[in-house]
Structures are given as C-alpha cells and as structure tokens.
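Notebook open, structure loaded. I want to go through it one region at a time and write down what I find.

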Amino acid sequence: MNRRRLASTAFMLAALSLAAAQGLFQQSAAMRLKQAFNAPEISYLLLDARSGETLAQQWPDADKPIPLGSLVKPFTALAYRAGHSGAFPGFQCDGKQCWRPGGHGKIGLREAIAQSCNEYFRKLAAFVKADSSERIAHDYSIAPPPAGSGSGAMVGECGEWKISPMAMAHAYLRLLDAPNDPVGKILLAGMSESADLGTSLRVSAVIGRHRALAKTGTAPCTHDRHTPGDGFTIVMWPAEQPRYLLLVRLHGEPGSHAAGIAGRMVRTLEETRVADAD
Ligand SMILES: [Zn+2]
C-alpha cells in the first residue's frame, strides 16, 4: 500500500471511529437522560448544535406550535433591527409591566435578555412593524406572531405567539451562525449572562459559570392536566462554541426552575461524554 493510500485509510478509520464514538454518545446520552429525567413533568429535546440532528427527545408533539414565553425575545430584538439601523435603545423599567417588582431600572438589550425584562421588550416592540416580525420569523423558520397582536405577544406574554419547540430549538441554533453580527453578539452575550447571573442562574449553579448560554421562558400551560404555567429553558454549551442545544419544559413551574433541571441534564450529559471517552 502506498503512503497516500495508507494515510487516507488511516483518515477513514479515524473518521469511522469518531462517528462510532458519536453514535455511542448519542445512544448513551439518550439512555442516561431517559433514566434520570423520565418524570412526566419534564419534556426535552437535545440537538447536535453543528448538524441540527436530534440526539434525544422526550417531547410528544414537539412540532406542534405552543406558547414558549420569553424564548421569543431574541427574535423580537432581531425584528426591531430589521426595521432600524444604529445602536439599540436603552429603556427605563419601573416594574409596572415587568415580572420584577420595582423594575430593572435603566436597561439595555444585553441585560434585558439576561434578566428577561418584559418592560424593555414591550417598549422595543412598540417600534417593531408587522412586516419586520414576519420577515424575521420567515428567516428563522418560526411561526410569526398572529396578525394584529400587540407588544405583549412580542414579549412572549399572554401565550399569543405560538411556535413549535422543534422550530424554536433550530432558530436558536441559527443565532450561533453569525457570531460576528453586532446584534447576534449582544444576544449571545445576554444569554451567557443569563446563565451566569440572570434568569437562567440555576444552570450555572449546577455546572459552573462561563460554561453555557441560556434563556428562560414561562408560558400558559398546554398540558391536559392543567396548571397555571409551564417553564422553559434553552441551554447551549460549551459557551465559547456550543456543540449541543437542550430545550427543557417543566410542567407547572416557572422558567427559572426549568433552568435547574436543564443544568442537571447538562451535567448528566457531560458525565456520559467523559465515561464514553474512557
Ligand atoms: Zn424589567
């Protein structure tokens, strides 16, 4: 066998063993998650951030549009940008229309994503025209907010804007595609801050700081066994160049609690990966 052929055979074998290892990870990841997180209150989707492939799923009807609460906020920001040039405005949050009593004070886009400030996004959405939100929804392959809906829908309140969990997971992966886009950069920085000290704080409480990007949401419950609300968290990790995306829904709890489950799932998956590499 000549040298070139030998090299290409070695390359092929390496690629095959990598594919086998990835396949193994996929199998054991799906199994570990199923063992440890099979409670009926928990739904999840695990995606490969590079290929978009679904690695694990415990979510019946993941293609059915449902309210996902504040997970829509990055797309509201992008819809604003579609109609405006220049820097994003700052707004005053006095808490009257925000989940946080007393408000967030003067707040900009990055912190508004990290803290999921409703008042910031209500004020921003007031400047967003319907054709901009439709364009962004089309670009990111998610359902647009319903015609005639107001800024509440663009904040993710009232359960008006419905998007399928699978489509939302893929739309978040698309946010990773343009790391040098100025707005994309702010959104990802906001999600890093969310995981470290914002509404997704429980993610870093489990896996440590600077390890993930995250965003939470809370929306009206869509289960048959009805509760006032369901919590959602999207986590993408490792923070510097995400390889995985996990979308978690926790029945009957707010998004900040879903973040704790998401953090535990990430830890479980990381342990699985280490075990596979042994
Ligand atoms: Zn606020």
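These are my entries on the metal site, the cores, a few helices and strands, and some single residues.

**Before starting.** I keep in mind that this is a predicted model.

**Zinc site.** I began with the metal. Which residues coordinate the zinc ion? I found Cys-93, Cys-98 and Cys-117, each through SG, and His-104 through ND1, at 2.1 to 2.4 Å. Next I looked up the geometry: the angles among the four donor atoms run from 101 to 120 degrees, and the site is tetrahedral. Along the chain the donors follow the spacing C-x4-C-x5-H-x12-C. I then looked at the pair His-104 and Cys-117, which are 13 residues apart and link distant parts of the chain. His-104 sits in the loop between strand E4 (91–93) and strand E5 (105–107), while Cys-117 is in the loop between helix H3 (109–114) and helix H4 (118–125). Buried or exposed, these two, His-104 and Cys-117? Both are buried.

**Helix H4.** I moved on to H4 and found it mostly covered, with six of its eight residues buried. I noted them down as Asn-118, Glu-119, Tyr-120, Phe-121, Leu-124 and Ala-125. What do the buried residues of H4 pack against? I get H2, E4, E5, H3 and helix H6 (151–155).

**Cores.** I looked up the largest nonpolar core next, and it has 58 residues. Phe-75, Tyr-120 and Tyr-172 have the most contacts inside it. Helix H7 (residues 165–175) gives the most to this core, with eight residues. Since Tyr-120 came up again, I listed its contacts, leaving aside neighbours within four places in sequence: Phe-88, Pro-89, Gly-90, Phe-91, Ile-107, Gly-108, Leu-109 and Ala-112. Apart from the largest core lies another of 27 residues, and Leu-55, Ala-56, Tyr-244 and Leu-269 are among them.

**Helix H8.** H8 covers residues 182–197, 16 residues in total. I checked its span: 22 Å from first C-alpha to last, close to the 22 Å expected at 1.5 Å a residue. Its buried residues include Val-183, Leu-187, Leu-188 and Met-191, but also Glu-193 and Asp-196. They pack against helix H2 (73–83), H3, H7, helix H9 (201–207), E7 and E8.

I picked out Ser-194, which lies in this helix. Why does Ser-194 count as buried? Its relative accessibility is 0%, so it counts as buried. Not counting residues up to four places away in sequence, Ser-194 touches Ile-113, Ala-114, Thr-199, Ser-200, Leu-201, Ala-214 and Lys-215.

**Strands E7, E8 and E9.** Lys-215 took me to the strands, where it stands opposite Ile-234 in E8. E7 (residues 213–220) is mostly covered, with six of its eight residues buried. Eight bridges join E7 to E8 (residues 229–237), and the two run antiparallel.

How many residues of E8 are buried? I count nine of the nine, so E8 is largely enclosed by the rest of the structure. I also sorted its residues by direction. Gly-229, Gly-231, Thr-233, Val-235 and Trp-237 point one way from E8, and Asp-230, Phe-232, Ile-234 and Met-236 point the other way. That fits the rule that side chains in a regular strand alternate between the two faces of the sheet.

On to E9 (residues 244–251), which pairs with E8 in the antiparallel sense over eight bridges. The bridge partner of Trp-237 in E9 is Tyr-244. E8 and E9 form a hairpin with six residues between them.

**Two loop residues.** Last, I looked at Thr-227 and Ser-51. Thr-227 lies in the loop between E7 and E8. Buried means under 20% relative accessible area, and Thr-227 counts as buried because it has 17% relative accessibility. It touches Cys-221, His-251 and Gly-252, not counting residues up to four places away in sequence. I also took a distance: the C-alpha atoms of Thr-227 and Leu-46 are separated by 25 Å, with their positions 181 residues apart along the chain.

Where does Ser-51 lie? It is in the loop between strand E1 (42–48) and strand E2 (54–58). Ser-51 counts as exposed because its relative accessibility is 53%. Its C-alpha is separated by 30 Å from that of Pro-146, 95 residues apart along the chain.

How values were computed. Residues numbered from 1 in each chain as written. Predicted model: local features only at pLDDT ≥ 70, side-chain atom pairs only at ≥ 80, totals over all residues. Heavy atoms only, no water. Donors = N, O, S within 2.8 Å, 3.2 Å for Na, K, Ca; no water. Tetrahedral: all angles 85-135°; square planar, octahedral: opposite > 155°, others 65-115°. Helix = DSSP H or I, 4+ residues; strand = E, 2+ residues; numbered from the N terminus. Buried < 20%, exposed > 50% of the residue type's maximum accessible area, 1.4 Å probe, protein only. Pairing = 2+ DSSP bridges. Core = buried A, V, L, I, M, F, W, Y, C linked by side-chain atoms within 4.5 Å. Contact = heavy atoms within 4.5 Å. Expected span 1.5 Å × (residues − 1).
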